[in-house]
Amino acid sequence: MSDAVQTQSNSKFNKRVFSGIQPSGGLTLGNYLGAVKRFVQMQNEDFETIYCMVDLHAITVWQDPARLKNNTRELAAFYIASGLNPEKSILFNQSAVSEHAELGWMFNCVARMGWMKRMTQFKDKAGKNAENASLGLFGYPALMAADILAYHATHVPVGDDQKQHLELTRDIAAKFNHDFGVDFFPMIDPVIGGPAARVMSLRDGSKKMSKSDPSDQSRINMNDDADTIAQKFRKAKTDQDALPSEESGLENRPEAKNLISIYAALGDQSLEDVLSDVGGKQFSAFKPMLVERAVETLSPISGEMNRLMLDVSEIDRLLKRGADKARAIAAPIVQKTYDIVGLLKP
Ligand code: TYM
């Protein structure tokens, strides 16, 4: 499909944002800078915004049931503490709106085995023991497509690691529309980019910052206190050289590039602007600036998360309200999908 055709067919859809995070515990600076910060920006722009705690995705690998519930509430607290306003954005957990699973099943029947086998995240997560991975983990991207398309969302803000999944969402929408001869699902626009699209490990600039890295020193957790943040950045791997004044000077310096990118993203600056300020400085001078900026941003968020977690019944109430609003949008779209597919649902 050409871009022109896509734009034309998308023009009939409202500008609607959908995104989600797994409540599998261990929120990191990567989740904040790569995803939630942008969720907040888009909430405050000209979009209808829907943000989900994707608990059905979380259970594609084993989750302790009591911890899963707690992590779901904690993720809700993280969203709100970061600036998402439940009056402006729809916030809810995925399993509370059964349309996700229903449309996910229909998309399991549209998506092809070969497409799923090419997903690099499945290969990474399943590792050498793919035969022992759950079927849910294999089919994960079809449920992700259902999350987005159940709302006819048009824009999906994510970090760079989700790019392939969003391409697959477009493939599923296109195949569905083609197979049934309809123009029903939109061709989504991934919203990926800026200095924090891929926040890297503090120990190894070639690896993504991740909650599943065995070394806690490799990441900043959203609940790290100021001393821990300072200590982790102080120990973060760097090279011997002074910082460059231009972006080209960051080539082949992945650790330097990562720290500069984090600093830029925290302050809503471009790399170029940051480098024109800090070019020529040694890391020993730059790291305290980074710590100060990180603590300034993260401490109020973790403080507010702790405060919100003191009243989980209020969080549950907000989530229920969010689920009701989400269902009101998804139900008619999924009902229509039943009809298109030929499933009788009186
Ligand atoms: P998840 O839970 O792994 O991550 C949530 C979001 O955080 C981003 N992210 C990062 N961004 C930059 N640098 C990093 N180091 C980093 N680590 C994580 C991820 O890119 C993501 O945007 N499959 C999704 C969840 C999902 C979803 C959806 C997303 C389910 N359904 C529908 C969008 C739309 C995931 O596992 O994200």
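This report covers the cores, the ligand site, one helix and several single residues of a predicted model.

## Nonpolar cores

The largest nonpolar core holds 62 residues. Leu29, Tyr79 and Phe233 touch the most other members of this core. Among the elements, helix H13 (residues 283–309) gives the most to the core, with eleven residues.

Phe233 shows how such contacts spread along the chain. Leaving out residues up to four places away in sequence, Phe233 touches Leu29, Leu202, Ile220, Leu259 and Ile262, among others. Its list also includes Lys287, Leu290, Val291 and Ala294. Apart from the largest core lies another one, of 48 residues. Phe107, Ala126, Ala146 and Ala326 are among the members of that other core.

## Ligand site

How many residues surround the ligand? There are 26. The closest are Tyr140, Asp147, Gly159, Asp161 and Val199.

Three of the polar approaches can be listed atom by atom:

- Tyr140 places a polar side-chain atom 2.6 Å from an oxygen atom of the ligand.
- Asp147 places a polar side-chain atom 2.7 Å from a nitrogen atom of the ligand.
- Val199 uses its backbone: an N or O atom there lies 2.8 Å from a nitrogen atom of the ligand.

Taken alone, the ligand exposes 720 Å². The protein buries 96% of that area.

## Helix H5 and its cover

Helix H5 spans residues 99–108. Its buried residues are Glu99, His100, Leu103, Gly104, Met106 and Phe107. These residues lie on the same side of H5, because they cover an arc of only 160° around the axis. The general rule is that an α-helix has 3.6 residues a turn, so residues three or four places apart point the same way.

What covers this buried set? Strands S1 (16–21), S2 (48–53) and S3 (89–93) are included in the cover. So are helices H8 (135–149), H9 (163–179) and H14 (312–341).

## Gln94, a buried polar residue

Gln94 sits in the loop between S3 and H5. Is this side of the loop buried or exposed at Gln94? Gln94 counts as buried, because its relative accessible area is 0%.

Gln94 has polar partners. Its side chain reaches the backbone nitrogen of Leu56 at 2.8 Å. A polar contact of 3.2 Å also joins the side chains of Gln94 and His57. Beyond its neighbours up to four places away in sequence, Gln94 touches Cys52, Met53, Val54, Asp55, Leu56 and His57. Gln94 also touches His100, Leu143 and Asp147. Asp147 is also one of the closest residues to the ligand.

## Asp224, a buried acid

Asp224 lies in the loop between strand S5 (189–191) and H10. Its relative accessible area is 10%, so Asp224 is buried.

Which side chain forms a polar contact of 2.7 Å with that of Asp224? The partner is Lys232. A polar atom of the Asp224 side chain also lies 2.8 Å from the backbone nitrogen of Asn221. With neighbours within four places in sequence left aside, Asp224 is in contact with Arg219, Ile229 and Lys232.

## Two residues with positive phi

Most residues other than glycine have a negative phi. Here are two exceptions.

His152 has a phi near 50°. His152 lies in the loop between H8 and strand S4 (155–157). Its relative accessibility is 13%, so His152 counts as buried.

Asn252 has a positive phi of about 60°. Asn252 lies in the loop between helix H10 (226–235) and helix H11 (254–266). Its relative accessibility is 77%, so Asn252 counts as exposed.

## Ile333 in helix H14

Ile333 is found in helix H14. Ile333 is buried, because its relative accessible area is 10%. Not counting residues up to four places away in sequence, Ile333 touches Arg16, Leu149, Ala150 and Tyr151. His152, Phe184 and Phe185 are also on its contact list.

How far apart are Ile333 and Ala256 in space? They are 47 Å apart, C-alpha to C-alpha. In sequence, the two are 77 residues apart.

Technical notes:
Residues are numbered from 1 along each chain as its sequence is written. This is a predicted model: local features need pLDDT of at least 70, side-chain atom pairs count only at pLDDT 80 or more; totals for chains, interfaces and linings use all residues. Side-chain values use heavy atoms; hydrogens and water are left out. A nonpolar core is a set of buried Ala, Val, Leu, Ile, Met, Phe, Trp, Tyr and Cys residues joined through side-chain atoms within 4.5 Å. Buried means under 20% relative accessible area, exposed over 50%, partly exposed in between (1.4 Å probe, protein chains only). Helices (H or I, at least four residues) and strands (E, at least two) are DSSP runs, numbered from the N terminus. Contact means heavy atoms within 4.5 Å. A residue is near a molecule or strand if one of its heavy atoms lies within 4 Å of it. A polar contact is a pair of N or O atoms within 3.5 Å; within protein, one must be able to donate a hydrogen and the other to accept it, and residues adjacent in sequence count only if both atoms are side-chain atoms. Accessible areas come from the Shrake-Rupley method with a 1.4 Å probe; for residues, only the protein chains shown count as cover. The arc is that of the directions from the helix axis to the C-beta atoms.
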